[in-house]
Amino acid sequence: MKLEAREKFSFLQLAHYLARIDNDYGEKEREIILEYCAEMGIENDEDFDIEEFSLEGTLKDFKSDKSKKIVILELMILIHADDKFDLKERELISKINDSFKLSSENLEFCSQWGKGVAALYSQGKLFINGE
């Protein structure tokens, strides 16, 4: 909810792109994206087309350091949702981090945070669903 309106839609596009970059868009990633939409109060883009997506154009929509850090943190949850950190996902998140001019130490911190949040999300879901 801390992102501006345009940033929310750009973030959703970025999340869809990241979720598909490893050619393994699964149920856990779908659930996280739907959670993002609920948090931001926007509709999901089920018709996302990876071929028409412009990474550079999308990244330009994030102006403040605060927004950029939020994007990295949230994308790390998505990356770790399926318990895999694919090479293509690593390359993409590094490219995003470089574009945002954030430190590589920051990226490692965010990765660990995202892994922890993804694990807690899974545990909470198991508890709620009684599994």
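How many helices and how many strands are there in the chain?

## Overall architecture

The model described here is a predicted one. The chain contains 6 helices and 0 strands, and when it is read along the sequence the elements follow the pattern α-α-α-α-α-α.

Along its principal axes, the C-alpha trace of the chain spans about 45 × 35 × 30 Å. For 131 residues, a compact globule would be expected to have a radius of gyration near 14 Å, and the value for the chain, 14 Å, agrees with that expectation.

## Burial, surface and contacts

Of the 131 residues in the chain, 46% are buried. The accessible surface comes to about 7,700 Å², and carbon and sulfur atoms account for 52% of that surface.

Among the contacts in the chain with a separation of 6 or more, 79% are made by residues that lie 24 or more positions apart.

## The packing of α1 against α4

Two packed helices are described by the angle between their axes together with the distance between those axes. In this chain, helix α1 (residues 5–20) and helix α4 (residues 65–80) have axes that come within 10 Å of each other and cross at roughly 30°, and the crossing in which α1 passes α4 is right-handed. On the α1 side the contact is made by Glu-7, Phe-11, Leu-14, Ala-15, Leu-18 and Ala-19, while α4 contributes Ser-67, Val-71, Glu-74, Leu-75, Leu-78 and Ile-79.

Divided by character, the residues of this contact between α1 and α4 comprise 9 nonpolar, 1 polar and 2 charged.

## Two individual residues

Is Glu-31, a residue of helix α2 (residues 27–40), buried or exposed? With a relative accessible area of 17%, which lies under the 20% limit, Glu-31 counts as buried. When residues up to four places away in sequence are not counted, Glu-31 touches Tyr-121 and Lys-125.

Ala-5, which is found in helix α1, has a relative accessible area of 55% and is therefore exposed, since that value is over the 50% limit. Although Ala-5 and Gly-41 are 36 residues apart in sequence, their C-alpha atoms are 9.8 Å apart in space.

Key. Residues are numbered from 1 along each chain as its sequence is written. This is a predicted model: local features need pLDDT of at least 70, side-chain atom pairs count only at pLDDT 80 or more; totals for chains, interfaces and linings use all residues. Side-chain values use heavy atoms; hydrogens and water are left out. Axes are lines fitted to C-alpha atoms, for helices over the stretch in contact, and angles run from 0 to 180 degrees between N-to-C directions. Helices (H or I, at least four residues) and strands (E, at least two) are DSSP runs, numbered from the N terminus. A crossing is left-handed if the near helix is turned anticlockwise from the far one by less than a right angle, and right-handed if clockwise. Contact means heavy atoms within 4.5 Å. Ala, Val, Leu, Ile, Met, Phe, Trp, Tyr, Cys and Pro count as nonpolar, Asp, Glu, Lys and Arg as charged, and the others, Gly among them, as polar. The radius of gyration is taken over C-alpha atoms; the globule rule is 2.2 Å times the number of residues to the power 0.38. Buried means under 20% relative accessible area, exposed over 50%, partly exposed in between (1.4 Å probe, protein chains only). Accessible areas come from the Shrake-Rupley method with a 1.4 Å probe; for residues, only the protein chains shown count as cover.
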